[in-house]
Amino acid sequence: MFILAIETSCDDTAAAVLEADRRVLASVVSSQFEVHAQFGGIVPELASRCHIEAIWPVVNQALTDAGVSLQDIELITATRGPGLVGSLLVGFTFAKAVALVRQIPCTGVDHLAGHLLAILLEKEEQRPTFPYTALVVSGGNTSLFAVDSTTEFRLLGRTRDDAAGEAFDKVAKLLDLGYPGGPTVSRLAKQGDADAISFPRAWLAKDSLDFSFSGLKTSVANYVNQCRQKDRPVPTEDICASFEQAVVDVLVEKTLCAAEQAGHQQVVIGGGVAANNKLRQQLKARCAEAGFRCFTPSPEYCTDNAAMIGLAGYFQFIAGSTVGPDTDAFSRSPLN
Ligand code: KG4
């Protein structure tokens with residue numbers, strides 16, 4: 001069975017072609033980075049317009065790369081939510097329209113389910129078995145889940161304010177490092193001292209699996225403002241390293257705490273921030289110490305992509321959950 005998958009929840013237009021045995025035949029991602037960079041963040045109206053322009057060329061490229069035609073596709077799946085509704089509607093409506101014309105089934109995927117299952121795109125020996133604890137950490141979400149099967153997810157904890165990726169992006173903006181901030185902050189952090197500045201870690205209540213990053217962001221803002229007011233040079237690299245360390249410490253310890261509370265032996269990460277090297281290394285090291293197995297998807301399956309949507313959409317199809325032309329997109333995830 002050939003599956004065509006589409007992802008347009010935010011600022012990337014992505015399409016993938018998969019086989020039902022999880023082989024990814026093509027995965028294409030068209031970034032809108034240059035359009036939004038000049039505004040220092042995503043402009044929703046521009047994002048949907050860009051998706052409209054990109055959707056057919058991106059799908060066409062994925063079909064060409066996979067060596068199949070639209071006539072060969074037997075299942076089409078797209079992200080139904082959460083995200084920017086104007087963006088979601090472009091991909092989801094495209095998928096429903098193709099399904100209607102071709103008379104093939106269509107599934108609508110929760111973007112978070114895609115991140116939770118992305119690890120299953122890896123080679124068999126690099127995949128966890130069910131159940132496992134998963135941290136989804138991206139620009140819009142920071143949540144911990146118990147993943148019981150291909151379609152069963154239980155929320156264990158989530159951020160009460162900013163997502164970790166959002167905090168990276170806001171700190172980058174404070175330091176005039178451009179958008180998106182995560183990769184740049186992480187690159188500069190390598191040249192800085194992670195112990196130089198003592199930024200706060202919000203642990204919240206004892207054993208709490210919730211997160212909070214707004215205090216950390218404010219603390220970085222105050223530090224930068226003080227430097228500027230006193231005409232002191234802003235130690236950008238040290239700020240990046242100390243900030244990154246504060247985020248990673250909390251993400252890692254709470255993920256381990258969640259696995260312990262859930263009684264799981266396996267820990268998985270997903271989402272754009274899961275591409276962060278410090279997070280990957282520290283999580284692996286702490287899991288090894290604490291006796292958990294740690295699974296990290298390759299970076300291309302951490303950031304937004306359609307291959308993970310294809311896999312989640314296929315599992316949904318197997319479970320008998322398809323959508324019709326009237327099914328609407330949603331901006332907030334029922335999983336969260
Ligand atoms: O999952 P994603 O591609 O899009 C969604 O938000 O759904 O994640 C994008 C987020 C952005 O906030 C970006 O700054 C962050 O992931 N990010 C990183 C890194 N790569 C991407 N944050 C820290 N370190 C990175 N290497």
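Trainee: Which residues are closest to the ligand, and how many surround the ligand?

Mentor: This is a predicted model, mind you. The ligand is surrounded by 20 residues, and Gly139, Asp169, Gly182, Gly272 and Asp304 are the closest.

Trainee: What makes the pair formed by Asp169 and the ligand a polar contact?

Mentor: The cut-off for a pair of N or O atoms is within 3.5 Å. A polar side-chain atom of Asp169 lies 2.7 Å from an oxygen atom of the ligand, so the pair counts as a polar contact.

Trainee: And what about the backbone of Gly165 and Gly182, where do their polar atoms lie?

Mentor: For Gly165, a backbone N or O atom lies 3.1 Å from a ligand oxygen atom. For Gly182, a polar backbone atom is 3.0 Å from an oxygen atom of the ligand. As for cover, the protein takes 87% of the 550 Å² of accessible area that the ligand has on its own.

Trainee: Moving on to helices: why is H5 called roughly perpendicular to H6?

Mentor: Check the angle. H5 and H6 pack at about 70°, and their axes are 8 Å apart. The class runs from 65 to 115 degrees, so H5 is roughly perpendicular to H6.

Trainee: Which residues meet there, between H5 and H6?

Mentor: From H5 you have Phe168, Asp169 and Ala172, which meet Gly181, Gly182 and Val185 of H6. Sorted by class, that contact has three nonpolar, two polar and one charged residues. Asp169 and Gly182 are also among the residues closest to the ligand.

Trainee: Why is H6 called roughly perpendicular to H8?

Mentor: Same recipe. H6 (residues 181-189) and H8 (residues 236-262) pack at about 110°, with axes 7 Å apart. Since 65 to 115 degrees is the range for that label, H6 comes out as roughly perpendicular to H8.

Trainee: What does H6 bring to the contact with H8?

Mentor: Val185, Ser186, Leu188 and Ala189. On the H8 side they meet Thr236, Glu237, Cys240, Ala241, Phe243 and Glu244. By class, you get six nonpolar, two polar and two charged residues.

Trainee: Now the backbone. What makes Gln103 worth a look?

Mentor: Most residues other than glycine have a negative phi. Gln103 isn't glycine, yet its phi is positive, near 60°. You'll find Gln103 in the loop between H3 (85-102) and E5 (106-110).

Trainee: Which peptide bond at Pro131 is cis, and what is its omega?

Mentor: The one from Phe130 to Pro131, with omega near -5°. Pro131 sits in the loop between H4 (111-117) and E6 (132-137). Another cis bond joins Tyr179 and Pro180, omega about -10°, and Pro180 is in the loop between H5 (164-174) and H6. Most peptide bonds are trans.

Key. Residues are numbered from 1 along each chain as its sequence is written. This is a predicted model: local features need pLDDT of at least 70, side-chain atom pairs count only at pLDDT 80 or more; totals for chains, interfaces and linings use all residues. Side-chain values use heavy atoms; hydrogens and water are left out. Axes are lines fitted to C-alpha atoms, for helices over the stretch in contact, and angles run from 0 to 180 degrees between N-to-C directions. Helices (H or I, at least four residues) and strands (E, at least two) are DSSP runs, numbered from the N terminus. Angles under 35 degrees count as roughly parallel, over 145 as roughly antiparallel, 65 to 115 as roughly perpendicular and the rest as oblique. Contact means heavy atoms within 4.5 Å. Ala, Val, Leu, Ile, Met, Phe, Trp, Tyr, Cys and Pro count as nonpolar, Asp, Glu, Lys and Arg as charged, and the others, Gly among them, as polar. A residue is near a molecule or strand if one of its heavy atoms lies within 4 Å of it. A polar contact is a pair of N or O atoms within 3.5 Å; within protein, one must be able to donate a hydrogen and the other to accept it, and residues adjacent in sequence count only if both atoms are side-chain atoms. Accessible areas come from the Shrake-Rupley method with a 1.4 Å probe; for residues, only the protein chains shown count as cover.
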